[in-house]
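Got your viewer open? Get ready to click around, and we'll take the stops one at a time.

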Amino acid sequence: MTDLLLNWPDEPRVYERGSTALDETITADFLKDYLFTGCAPADEIAVVRAPNPSLNKAAFMTNGRTDAAKLRRLHESGHTIRLGNLQRVLPYMARVSKRVQEETGYSNYVHAFLTPPGNQGLRHHWDQQMAVIVQTAGVKRWQLWRPPVEAPMREFNESWRVWRDDYITKWEAEGPDNEVDLKVGQSLLLPRGWIHNPRVEDSDETSVHLTFALRERTPLWLAEQMVAGAVSQGEFRQVVRPGQLDGAELGRLLLGTRDALVKYLSGLDVSEVARAVRHAAMTELEYTT
């Protein structure tokens, strides 16, 4: 992680991390026990087997709760179970997530993927943020392609929004730009936008990997932090009337607001704003996604 504080990569990297407390805690047996006793919250569970989309939650729920027997049968039939947002449901992972944020200034979330031997859950896609993939059981093969779009972020260039029907055919015909067999004790750093197609080739061993999604800070985020304080200025709290949201009047309002915003930003004490931005970086959870 120290290397990443100064050198943010734009290509995948594999790191040898060895055995850690994380590997000893989030094991296949631990996840199976948590999932197949029905204790895991249904809202954080997704079940998928390529090439099909995720199953409707009714497939593994009864009376609004996780149905352990249904979930076990689905897993035994080849479905990957994704347990989302471990930082919300496991105290240990909440502490890990918090330490990551304290070190990087990036809020983050953690998903666990339990994939049966010789099977595949999600197919080709790309994500909106940097991911660190931590393999804790078995081996998973990651086929990787360079980003087809530039710097996806939030809804901008989100894979399902700009998806083309010929993407997968094209990628598979060309072959991956990189291929990694990720083993226990290794981590894969995957920059945002890189296409990935992960599957378990081994027919004997279950795979467990954790995806740490790091919400990278951007100049837009910095701008939002600076603008947030404008609420203290009365002119920014005045009501825009319905009749002003059209035609020439709207144009005049936009120009006036732009000028007021430029004036506000020009008068900011950057050192004071920096303290507020640093606090936000350390504390914002952004659990809305």
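In which helix is glutamate 102 found? Select helix H5, residues 91-104, and you'll have glutamate 102 in your selection. Keep in mind as you look that this is a predicted model.

**Stop 1: around glutamate 102**

Is this residue buried, exposed or partly exposed? Glutamate 102 counts as partly exposed, because its relative accessibility is 44% and that class lies between the buried limit of under 20% and the exposed limit of over 50%. Now show Arg278 and Met282: glutamate 102 is in contact with both, once you leave aside its neighbours within four places in sequence. For a distance to try out, pick the C-alpha atoms of glutamate 102 and lysine 32. They are separated by 30 Å, and the two residues are 70 apart along the chain.

**Stop 2: zoom out**

Take in the whole protein for a moment. Its secondary structure comes to nine helices and 12 strands, and its C-alpha atoms fill a box of roughly 65 × 45 × 40 Å along the principal axes. Of the 289 residues, 43% are buried. The protein exposes about 15,800 Å², with carbon and sulfur atoms supplying 53% of that area.

Try colouring by charge next. There are 34 positive and 39 negative charges, and their mean positions are 4 Å apart. As for contacts, take those between residues at least 6 apart in sequence: 86% of them join residues at least 24 apart.

**Stop 3: a strand with both faces covered**

Select strand E2, residues 45-48. Which residues sit on each side? Ile45 and Val47 are on one side, Ala46 and Val48 on the other, and all of them are buried, so both faces of E2 are covered. Add strand E5 (residues 80-83) to the selection: E2 and E5 pair in the antiparallel sense over four bridges. If you'd like one particular pair to look at, alanine 46 has arginine 82 in E5 as its bridge partner.

**Stop 4: unusual backbone spots**

Here's some background first: most residues other than glycine have a negative phi, and most peptide bonds are trans.

Move into the loop between E2 and strand E3 (61-62), where you'll find proline 51. The peptide bond leading from alanine 50 to proline 51 is cis, with omega near 5 degrees.

Next, pick asparagine 85, in the loop between E5 and helix H4 (86-89). Asparagine 85 has a positive phi, near 50 degrees, and isn't a glycine. It counts as buried because its relative accessibility is 6%.

Alanine 151 is another one to click. Look for it in the loop between E8 and helix H6 (167-174). Phi of alanine 151 is positive too, near 40 degrees. Alanine 151 is partly exposed, with a relative accessible area of 39%.

**Stop 5: a three-stranded sheet**

Last stop. Select strands E9, E8 and E11: they form an open sheet in the order E9-E8-E11, with antiparallel pairing. Which strands are at the edges? Those are E9 (178-182) and E11 (195-199), each pairing on one side only. Neighbouring strands of this sheet are turned by 20 degrees against each other on average, ignoring direction.

Zoom in on E8 (residues 140-145) and E9, which pair over five bridges. Finish by showing arginine 141, which stands opposite aspartate 181 in E9.

Terms used: Residues numbered from 1 in each chain as written. Predicted model: local features only at pLDDT ≥ 70, side-chain atom pairs only at ≥ 80, totals over all residues. Heavy atoms only, no water. Helix = DSSP H or I, 4+ residues; strand = E, 2+ residues; numbered from the N terminus. Buried < 20%, exposed > 50% of the residue type's maximum accessible area, 1.4 Å probe, protein only. Contact = heavy atoms within 4.5 Å. Areas by Shrake-Rupley, 256 points an atom, 1.4 Å probe, with all protein chains shown as cover. Lys, Arg positive; Asp, Glu negative; His and termini not counted. Charge placed at Lys NZ, Arg CZ, Asp CG, Glu CD. Pairing = 2+ DSSP bridges. Axes fitted to C-alpha atoms, helices over the stretch in contact; angles between N-to-C directions.
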